[in-house]
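User: Hi! I've just opened this one and would like to talk it through with you. Could you start with how you pick out the secondary structure?

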Amino acid sequence: TKPDRRAYRGELLAADPRCLYCGKPLREGVATLDHLVPLFRGGKNVRGNLVLACRACNVAKGGRTLDEWLEHLQAAQAAVLAAPRCLSQGSSAHVPV
């Protein structure tokens with residue numbers, strides 16, 4: 001059944017007031033409800049498809065499913081780890097690490 005979104009957000013905040021994606025502490029007025037499976041991808045406005053998220057994570061996840069979002073995060077992390085890094089030597093010159 002379709003939950004009352006405000007009441008359901010309050011229930012989720014009382015149970016575990018953290019963003020599902022990043023773990024950031026949330027409070028009323030800041031917490032958003034995110035669809036694990038977006039509505040336009042066939043998701044529903046039902047309890048099992050709605051989770052707490054901070055606004056930043058909700059926007060960043062966008063229209064991805066949870067699996068797609070996790071794959072995106074893993075790819076982004078791999079790209080960061082593979083990127084060359086520089087160590088400042090006290091000047092404007094950077095030396096690869």
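Analyst: Happy to! Helices and strands here are DSSP runs, with at least four residues for a helix and at least two for a strand, numbered from the N terminus. On that basis this predicted model has three helices and four strands.

User: In what pattern do they follow along the sequence?

Analyst: The chain reads α-β-β-α-α-β-β.

User: And what does the confidence look like, on average and by element?

Analyst: The mean pLDDT of the chain is 86, and 86% of the residues score at least 70. By element, β2 has the highest mean, 96, while strand β4 (residues 94-96) has the lowest, 44.

User: Noted. How much of the chain is buried?

Analyst: Of the 97 residues in the chain, 28% are buried.

User: Which residues have the most contacts inside the largest nonpolar core?

Analyst: Those are C19, Y21, L26, L33 and L52, in a core of 16 residues. Two or more core residues come from each of α1 (5-15) and β2 (50-53), and β2 gives the most, with four.

User: What does L26 touch, leaving aside its close sequence neighbours?

Analyst: Beyond four places in sequence, L26 contacts L13, P17, R18, C19, A31, L52, A53 and C54.

User: Let's look at α1. Which of its residues are buried?

Analyst: Y8, R9, L12 and L13 are the buried residues of α1. They sit on the same side of the helix, because they cover an arc of only 140° around its axis.

User: Why would residues a few places apart point the same way in a helix?

Analyst: An α-helix has 3.6 residues a turn, so residues three or four places apart end up pointing the same way.

User: OK, and what covers that buried side, and what is on the face turned away from it?

Analyst: The cover over the buried residues of α1 includes β1 (32-35) and β2. On the face turned away, α1 carries the exposed residues R6, A14 and A15.

User: Which residue caps the N-terminal end of α1?

Analyst: That's D4, with a side-chain oxygen 3.1 Å from the backbone nitrogen of R6.

User: Switching to cysteines: how many disulfides are there?

Analyst: Zero. Take C22: the closest cysteine sulfur is that of C19, at 3.8 Å. A disulfide needs the two sulfurs within 2.5 Å, so that pair is too far apart for a bond. C57 is in no disulfide either, as its nearest cysteine sulfur, in C54, is 3.6 Å away.

User: Are C22 and C57 buried or exposed?

Analyst: C22 counts as partly exposed, at 46% relative accessibility. C57, at 12%, counts as buried.

User: I'm also curious about the loops. Where does T65 lie, and what does it touch?

Analyst: T65 is in the loop between α2 (55-61) and α3 (66-82). Not counting residues up to four places away in sequence, T65 touches L36, P38 and R41.

User: Why does T65 count as buried?

Analyst: Its relative accessibility is 17%, and buried means under 20%.

User: Last one: where is R27, and is it buried or exposed?

Analyst: R27 sits in the loop between α1 and β1 and is exposed, with a relative accessible area of 56%. The C-alpha atoms of R27 and A14 are 9.4 Å apart, with their positions 13 residues apart along the chain.

How values were computed. Residues numbered from 1 in each chain as written. Predicted model: local features only at pLDDT ≥ 70, side-chain atom pairs only at ≥ 80, totals over all residues. Heavy atoms only, no water. Buried < 20%, exposed > 50% of the residue type's maximum accessible area, 1.4 Å probe, protein only. Contact = heavy atoms within 4.5 Å. Core = buried A, V, L, I, M, F, W, Y, C linked by side-chain atoms within 4.5 Å. pLDDT = per-residue confidence, 0-100. Arc of directions from axis to C-beta. Polar contact = N/O pair within 3.5 Å; in protein donor to acceptor, adjacent residues only side chain to side chain.
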